[in-house]
Structures are given as structure tokens and as C-alpha cells.
Amino acid sequence: MRIQKNRNELLELAKYAFHKPVTGGDEAFFALLEFAKAYQHMEENQLTSMVIDIPFDVFWKNEKLKMSGIGYVASYPEFRGNGAIRNLMTKLLQDEYKKGTALSYLAPFSYTFYEKFGYAYSFDRKVYELPAENFPSGRKTDGKIRRVTLAEGLEQLELIHSQAENEGSMSRAPHVWEYYFHYKSKPNFAIYEENGRPMGYLIYEFKGSTFVIRELISLSKNAKDAIYRFIASHASGFDKMSWVTTPRERFEYDVQEPAALTITQEPYMMARIINLDEFIKVNGEPDFAVEIIDEQIPENNRIFGSGQPVKMTIGAFTAEILRKKWSNLTRVFLNFDYRMFNSL
């Protein structure tokens with residue numbers, strides 16, 4: 001009974017703090033709590049503040065690193081400024097350090113606010129919009145594209161996702177797929193197969209007169225052509241197509257009339273290294289002299305390289321490593337749904 005009551009208290013705080021129902025409704029919030037941990041501050045047996053810590057894995061150098069996704073950072077207004085969120089965030093980070101969690105990502109409501117906890121602005125997102133009639137027509141291939149439900153296509157979706165160029169992006173366990181694409185939203189799915197092999201997929205939805213591409217992964221040119229053809233076949237029923245993706249996507253080169261596109265690059269997520277030792281084990285030491293300063297996790301304070309080191313907060317160091325890594329890649333799929341963290 002107390003567990004149920006506590007879940008409801010957390011839900012009510014989320015609704016009050018963000019002035020709206022949670023994305024996907026109450027059922028989605030309760031599904032999140034099945035695998036996430038809620039850090040809570042109580043006063044006189046009343047919930048006043050919370051932070052939800054969501055465990056993920058991310059791909060990094062052909063391995064997987066533990067990552068903590070931060071969401072639902074909230075307090076009732078009469079308790080704001082009492083230091084509760086600072087205490088919860090510090091406790092969370094220290095707990096994750098002890099568990100060997102290498103990284104943490106979050107989508108901030110304020111970049112300045114999260115800089116106090118060692119996070120730094122680390123990557124962007126790119127938004128494409130174009131008239132539906134201008135979407136690339138693709139072409140007919142020897143393969144076949146079919147619409148599936150999440151349950152029907154999960155194994156193939158996972159296989160395709162794991163083969164994409166995923167450096168730095170989320171690895172999705174089955175419960176993560178289910179949470180984001182069954183509870184939080186219910187998009188449509190299409191899978192492209194060639195010679196019995198799954199080679200690409202499309203996650204999409206309809207929003208009024210807009211065809212929304214949630215995620216598009218192609219492992220071959222044929223897969224891209226077939227998926228484009230599938231999307232273009234919807235053009236007569238929509239006014240506009242939209243796609244939120246990584247800045248390294250070059251969709252503009254596939255559009256016959258690129259001037260018809262509206263392209264916006266937006267600052268997006270923040271990141272920080274939590275356990276520097278675990279990160280260095282996989283990534284290797286930095287190739288420049290640096291003195292790292294971490295106010296929340298002093299175990300991360302150290303100096304790398306020879307010569308005069310540059311002093312960096314743990315967040316600034318994280319951003320430097322991540323940006324340098326991604327700038328050296330020819331193409332990157334940051335395969336978290338770019339709205340995953342927005343309502344967390």
C-alpha cells in the first residue's frame with residue numbers, strides 16, 4: 001500500500017511541477033518506476049522534491065558503458081531553494097560512481113543550473129522540415145518493406161539498431177524499447193528486409209497534417225531508397241514531413257529541391273563523466289594535458305598528460321572528449337529518440 005501511495009505522490013509532483021500530464025499518461029510514469037530509481041526528499045512525511053535516475057547503456061568504442069539518464073527533477077514551489085535538489089543530485093552521482101557508471105546524459109531546462117552538478121552542453125540536434133511533395137521519391141528495390149507492431153518487430157529492430165554507427169548513443173534493452181515506444185508513445189514501425197536480412201527500419205507517426213519521422217536507420221543504400229519510397233508514398237496525405245536527428249545527418253543532399261527544406265540546428269543535451277576510471281578503461285587517456293576538477297566526485301580529480309595542464313571541470317572535459325570523438329566520425333547515429341528526455 002505504501003509503495004502505491006509513494007508512486008502516486010511522485011506522479012502528482014511531476015504533474016504539478018511541469019504543469020501538464022506526463023507524456024504517455026500515468027501508466028507510462030509507473031512503467032518508468034519499474035526500472036528507474038526515484039531519489040526523494042521528504043519534510044514532515046511529505047514529498048517535497050525528487051530526481052529520477054534512469055539506468056541505460058551507451059555504445060562506446062565497440063563496448064557498452066553504463067549511463068545514468070537524469071529526469072523529472074522537480075520540487076514543489078514552496079520548497080524550492082532549500083538545497084534538496086542539490087543534495088539529491090549529489091547523492092545520485094556518488095551512488096552511480098560507486099556502481100561504476102561511466103556517463104550521464106540529461107536534457108536541461110537550464111544549462112546554467114546543471115553546470116553546478118558537473119554537466120556541460122555536449123551535443124545538438126538537427127530538425128528538418130519540408131513540404132511532403134518534396135520528399136525524396138526513393139526507388140523500388142529487390143527487398144521488401146513491411147509494417148509491424150513493436151512486439152512483432154522487436155527482435156529485428158534491436159538487430160538493426162545494434163549494427164548502426166552508434167558511438168555515444170543508447171543501447172536499448174527490450175524494456176527500454178517497450179517504455180519509449182509502447183508506454184510513452186505508440187508510433188508506427190516499418191522494417192526493410194533484403195534476402196531475408198533486416199537492413200533498415202523506420203519509426204514514424206502522424207501529427208495532424210505532418211508526417212513525423214521519429215527514427216530512420218538504413219544499413220545500406222537499398223534500405224535507404226526503400227524507406228524513402230515508403231515515406232514518399234504517404235506524401236499525398238500530408239502537407240509536411242519533419243525529422244529530428246543528429247547534426248551529422250546529411251538529408252539535404254538527398255532532396256531534389258534542397259531549398260524547400262527548413263533546417264534548424266538546436267543546442268540540446270548535456271553530459272558528464274561520472275566514474276572517470278571506468279570511462280578511461282574503454283576510451284583511453286586524453287591526448288592533451290588537463291587537470292580535471294569534480295566538485296561532486298573528488299575521486300575524479302586528477303592530472304593527465306605532460307606539460308602545463310589546462311584546468312577543466314568534469315563537465316567541460318566530458319564535452320571536449322565527446323565533441324572531439326564525434327567530429328572524427330564520418331557519420332553518427334545518436335539513436336536515442338530526441339524527445340526521450342524532454343518530459344523526464
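These are legends for several close-up views of a predicted model.

**View 1. Strand 14 and the two strands it pairs with.**
Here we're looking at strand 14, residues 270-273, which is covered on both faces. M270 and R272 sit on one side and A271 and I273 on the other, and all of them are buried. Strand 4, residues 103-106, pairs with strand 14 in the antiparallel sense, and the pairing runs over four bridges. To get your bearings, find S104, which stands opposite R272 of strand 14. Strand 5 (residues 120-121) also pairs with strand 14, again in the antiparallel sense, this time over two bridges. In that pairing, look for A120 opposite A271.

**View 2. The seven-stranded open sheet.**
Reading across this one, the strand order is 7-9-10-11-12-6-13, and the pairing is mixed. Strand 7 (144-148) and strand 13 (262-267) are the edge strands; each has a single partner strand, so one side of each is left without a neighbour in the sheet. From one strand to the next, the twist averages 25°. Within the sheet, strand 6 (residues 124-131) and strand 12 (residues 240-245) run antiparallel to each other, paired over six bridges. A handy landmark for that pairing is K126, standing opposite T245 in strand 12.

**View 3. Helix 5 and helix 6 on the seven-stranded sheet.**
Staying with the sheet of strand order 7-9-10-11-12-6-13, we now add the two helices that pack on it. Helix 5 touches strand 7, strand 9 (188-194), strand 10 (197-207) and strand 11 (210-218). The direction of helix 5 makes about 120° with that of strand 10. Helix 6 packs on the sheet as well, with strand 9, strand 10 and strand 11 as the strands it touches. Its direction makes about 30° with that of strand 10.

**View 4. Where helix 5 meets helix 6.**
Helix 5 covers residues 150-163 and helix 6 covers residues 174-183; the two pack at an angle of about 120°, and their axes are 11 Å apart. That angle makes helix 5 oblique to helix 6. As for handedness, the crossing is right-handed. On the helix 5 side, the contact is made by L150, L154, L157, E158 and H161, while helix 6 brings P174, W177, E178, F181 and H182. Sort the residues of this contact by type and you get six nonpolar, two polar and two charged.

**View 5. A closer look at Y179 in helix 6.**
Is Y179 buried or exposed? Y179 is buried, because its relative accessible area is 2% and the cut-off for buried is under 20%. The residue has its place in helix 6. For a sense of scale, try Y179 and A259: they lie 80 residues apart along the chain, and their C-alpha atoms are separated by 37 Å.

**View 6. The three-stranded open sheet.**
The last view turns to an open sheet with strand order 16-15-17 and mixed pairing. At the edges stand strand 16 (302-304) and strand 17 (310-313), each with a single partner strand, so one side of each has no neighbour in the sheet. The twist here averages 25° from one strand to the next. Strand 15 (residues 290-293) pairs with strand 16 in the antiparallel sense over three bridges. To spot that pairing, look for I292, which stands opposite R302 in strand 16.

Methods:
Residues are numbered from 1 along each chain as its sequence is written. This is a predicted model: local features need pLDDT of at least 70, side-chain atom pairs count only at pLDDT 80 or more; totals for chains, interfaces and linings use all residues. Side-chain values use heavy atoms; hydrogens and water are left out. Buried means under 20% relative accessible area, exposed over 50%, partly exposed in between (1.4 Å probe, protein chains only). Two strands pair if DSSP finds at least two bridges between them. Axes are lines fitted to C-alpha atoms, for helices over the stretch in contact, and angles run from 0 to 180 degrees between N-to-C directions. Angles under 35 degrees count as roughly parallel, over 145 as roughly antiparallel, 65 to 115 as roughly perpendicular and the rest as oblique. A crossing is left-handed if the near helix is turned anticlockwise from the far one by less than a right angle, and right-handed if clockwise. Contact means heavy atoms within 4.5 Å. Ala, Val, Leu, Ile, Met, Phe, Trp, Tyr, Cys and Pro count as nonpolar, Asp, Glu, Lys and Arg as charged, and the others, Gly among them, as polar.
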